[in-house]
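Reader: I'd like to start at one end of this chain and take a close look at a single spot. Could you walk me through it slowly, and then show me what else is worth a look?

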Amino acid sequence: MTLDIQCAVAGADILGEVPLWCDRTHKVWWVDVRRPALQSYDPATGAHRAIRLPDGLLTGSIALREAGGFLLATQRGFFVYDPDTGEPPRFIHHPEADLPHNRLNDGKCDRRGRFWVGSMRDAQREPEGTLYRFDPDYQATPMATGIVVPNSVAWSPDDKTMYFADTHIQIIWAYDFDIDEGRITHRRVFKDWTHQIGRPDGSTVDAEGYLWTAMVASGELVRLAPDGSVDRVIRLPVTNPTCPAFGGADLGTLFVTSHSQRLTPEQLATEPAGALLMMDVGVKGIKEPRFRG
C-alpha cells in the first residue's frame, strides 16, 4: 500500500521509542532510549522539543500521568517527571533493584490506569526479563517471566485481549485479559514471525480492533486482524521502525518512531533513520489511558 509518509522530525534518534499522543498538550511524546531524551512534536506548529534526561536515565517507555507529567520506566526503576516544573525525575519504585544488568523496556497503561512493562537484560540477549503490572499504589506484580526483549503491549478495544511480544524470538502472544482484576490468562500465539527478516517491536490498536506492529529490520508496518491474519503491509522509508501510535486532534494520524543503531554508512546516507514519521492510514486510534498513580 502506497501512502503519503511524511518525516515529522528528522531527529536521527539512536533508539526512538514508544510514541504517545497527549490530548492535554496536543503533542506526540516519545523517547530516545539511548541518548536518553524525552521528546515532543506539535503537528499544529511543527515545533520539536528534546529534553535530555539526567544521570544517564535510560528510559525504555513512558506513560502519561493523570496527575500531570509522565511515568518513566528506566534501568533504575520507575520515576515520575513533569518537564514543565523544572524539577528532576523523582524515584518511586524499583522492581529489580537486585538485577543491575536489567532495564525496563516497552510498556503501556491499561484503561484502569495500571502500567504494564517488561524488563530485559540490556547487554546480552538472555531470557531474564519479567512482565510487570505496576499499580497506582506503586506495587509491582510479576505477571510473566523468561522474556528476552519485551514489546508490543496493547489491548483490544473491548479490554478482553492483551497483546505482548518477545521481539527476540519473533512471537506476538495474545492473552485473555480481566480488566477488573488486572489478570492475564490463556496465553496463545497470536502471530509467529519466526524465520522472517522483520521482528515485531512496538504495537498499537486502532478503533476497529486491529493491531498495528512496527517490524524492526524489515522496514514494515503491519496491520493484523483480530484473528492474527495480515490485513495490510506498509513499506516505510526506514529499516528499523520501532513503535506506532495514533494521534492528532481526531486520532487519525499514525506516528511511527525508528532507530539508527547498527546501520551501515550507506544506509544512513539514504534513509531518515531515527526519524519520527507520520501518515494517514484511513483509520483512527483510541485515546491513550493515563497512569493513575
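Where is the place of Asp-4, relative to β1?

Author: Asp-4 sits in the segment before β1. Before going further, a word on what you're looking at: this is a predicted model, in which local features need pLDDT of at least 70, side-chain atom pairs count only at pLDDT 80 or more, and totals for chains, interfaces and linings use all residues. Residues are numbered from 1 along each chain as its sequence is written, and side-chain values use heavy atoms, with hydrogens and water left out.

Back to your residue. Asp-4 is exposed, with a relative accessible area of 58% (exposed is over 50%, buried is under 20%, partly exposed is in between, using a 1.4 Å probe and protein chains only). The sequence position of Asp-4 tells you little about who is around it in space, so look across at Val-281: the two are 277 residues apart in sequence, yet their C-alpha atoms are 9.2 Å apart.

Now step along to β1 itself. β1 belongs to an open sheet of 4 strands, ordered β1-β24-β23-β22, with antiparallel pairing (strands are DSSP runs of E, at least two residues, numbered from the N terminus; two strands pair if DSSP finds at least two bridges between them). β1 (6-9) and β22 (241-247) are the edge strands, and each has a single partner, so one side of each has no neighbour in the sheet. At the β22 edge, the partner is β23 (residues 253-258), joined to β22 by 6 bridges in the antiparallel sense. If you want a pair to click on there, Cys-243 stands opposite Thr-257 in β23.

A second open sheet is built on a similar plan. Its 4 strands come in the order β6-β7-β8-β9, and the pairing is antiparallel. Here the edges are β6 (59-64) and β9 (90-93), each with a single partner strand, so each has one side left without a neighbour in the sheet. β9 pairs with β8 (residues 77-81) over 3 bridges, running antiparallel, and across that pairing Phe-79 stands opposite Phe-91 of β9.

There's also a hairpin to find, made by β4 and β5. β4 (residues 37-42) and β5 (residues 47-52) are antiparallel partners with 6 bridges between them. In that pairing Ser-40 stands opposite Arg-49 in β5. The hairpin has 4 residues between the strands, and Gly-46 takes a positive phi near 80°. Go back a little from the hairpin and you'll reach a backbone oddity: the peptide bond joining Arg-35 and Pro-36 is cis, with omega about -20°. Pro-36 lies in the loop between β3 (27-32) and β4.

While you're checking backbone angles, two other loop residues deserve a click. Asp-159 has a positive phi of about 65° although it is not a glycine. You'll find Asp-159 in the loop between β14 and β15 (161-166), and this residue counts as buried, at 14% relative accessibility. Gln-170, not a glycine either, has a positive phi of about 65°. Gln-170 is in the loop between β15 and β16 (171-178), and at 13% relative accessibility it counts as buried too. Set either of these against Asp-4, which is exposed at 58%.

Last stop: the cysteines, for anyone thinking about disulfides. The count comes to 0 disulfides, a disulfide being a pair of cysteine sulfur atoms within 2.5 Å. Cys-22 is in no disulfide, and the nearest cysteine sulfur is that of Cys-109, 13 Å away. Looking from the other end, the closest cysteine sulfur to that of Cys-109 is in Cys-22, and at 13 Å the two are too far apart for a bond. Cys-22 is buried, with a relative accessible area of 5%, and Cys-109 counts as buried at 4% relative accessibility.
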